[in-house]
Amino acid sequence: NNYFYVLQRVWIRVDGVIFRLRESRLLHRFADSHALRLFSEREDPYDKVVQSCSPKQMREGILDDPNLISDLLALKSEGTEKILFISADKKGSEASPPSSQEQSEV
């Protein structure tokens, strides 16, 4: 049961303007011929997020921690994709090599 899991996170905080969080998770078990990609986009205006925080949260630095603030941001979109892997054997049988004319145009 060997696998890998990757989390890629882009966190943007522009004071007085916006909070934005984009995440992609990639999961692949080596025994499978596919991987799963889960993604989400969250964002809200800066003032709205600050107003929703308690004084205690502000003292604890919630605005600096995407792990804590992510639940406060509105979910704009999310989804799951299945990424199929094609083996070299199958790929070779499905496509013929390009002709010399096609190669020169590329």
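Two strands are said to pair when DSSP finds at least two bridges between them. In this predicted model, strand β1, covering residues 3-14, and strand β2, covering residues 18-29, pair in the antiparallel sense over 12 bridges. A single example helps to place the two strands beside each other: Gln8 has Ser24 of β2 as its bridge partner. The connection between the strands is a hairpin, with three residues between β1 and β2. Within that turn, Gly16 has a positive phi of about 80 degrees. When following the strands by eye, it helps to recall that side chains in a regular strand alternate between the two faces of the sheet.

Attention now turns to charged side chains. Side chains of opposite charge can pair when their charged atoms come close. The structure holds 11 salt bridges, and three of them are described here.

The pair Arg22 and Glu41 forms a salt bridge in which the closest N and O atoms are 3.9 Å apart. Arg22 belongs to strand β2 and Glu41 to strand β3 (residues 34-45), so this pair ties together parts that are 19 residues apart in sequence. Arg22 counts as partly exposed because its relative accessibility is 25%, and Glu41, at 31%, also counts as partly exposed.

Strand β3 also takes part in a salt bridge through Arg37, whose partner is Glu81. Here the closest N and O atoms are 3.0 Å apart. The pair links distant parts of the chain, since Glu81 lies in strand β4 (residues 74-84) and Arg37 in strand β3, 44 residues apart. With a relative accessibility of 35%, Glu81 counts as partly exposed; Arg37, at 26%, is likewise partly exposed.

What is the accessibility of each partner in the salt bridge between Lys48 and Asp44? The closest N and O atoms of this pair are 3.6 Å apart. Lys48 is partly exposed, with a relative accessible area of 49%. Asp44, in contrast, has a relative accessibility of 7% and therefore counts as buried, the cut-off for buried being under 20%.

Some salt bridges share partners, and in this way Arg20, Arg22, Glu41 and Glu43 are joined into one network. Two members of this network have been met already: Arg22 in strand β2 and Glu41 in strand β3.

Methods. Residues are numbered from 1 along each chain as its sequence is written. This is a predicted model: local features need pLDDT of at least 70, side-chain atom pairs count only at pLDDT 80 or more; totals for chains, interfaces and linings use all residues. Side-chain values use heavy atoms; hydrogens and water are left out. Helices (H or I, at least four residues) and strands (E, at least two) are DSSP runs, numbered from the N terminus. A salt bridge is a side-chain nitrogen of Lys or Arg within 4 Å of a carboxyl oxygen of Asp or Glu. Buried means under 20% relative accessible area, exposed over 50%, partly exposed in between (1.4 Å probe, protein chains only).
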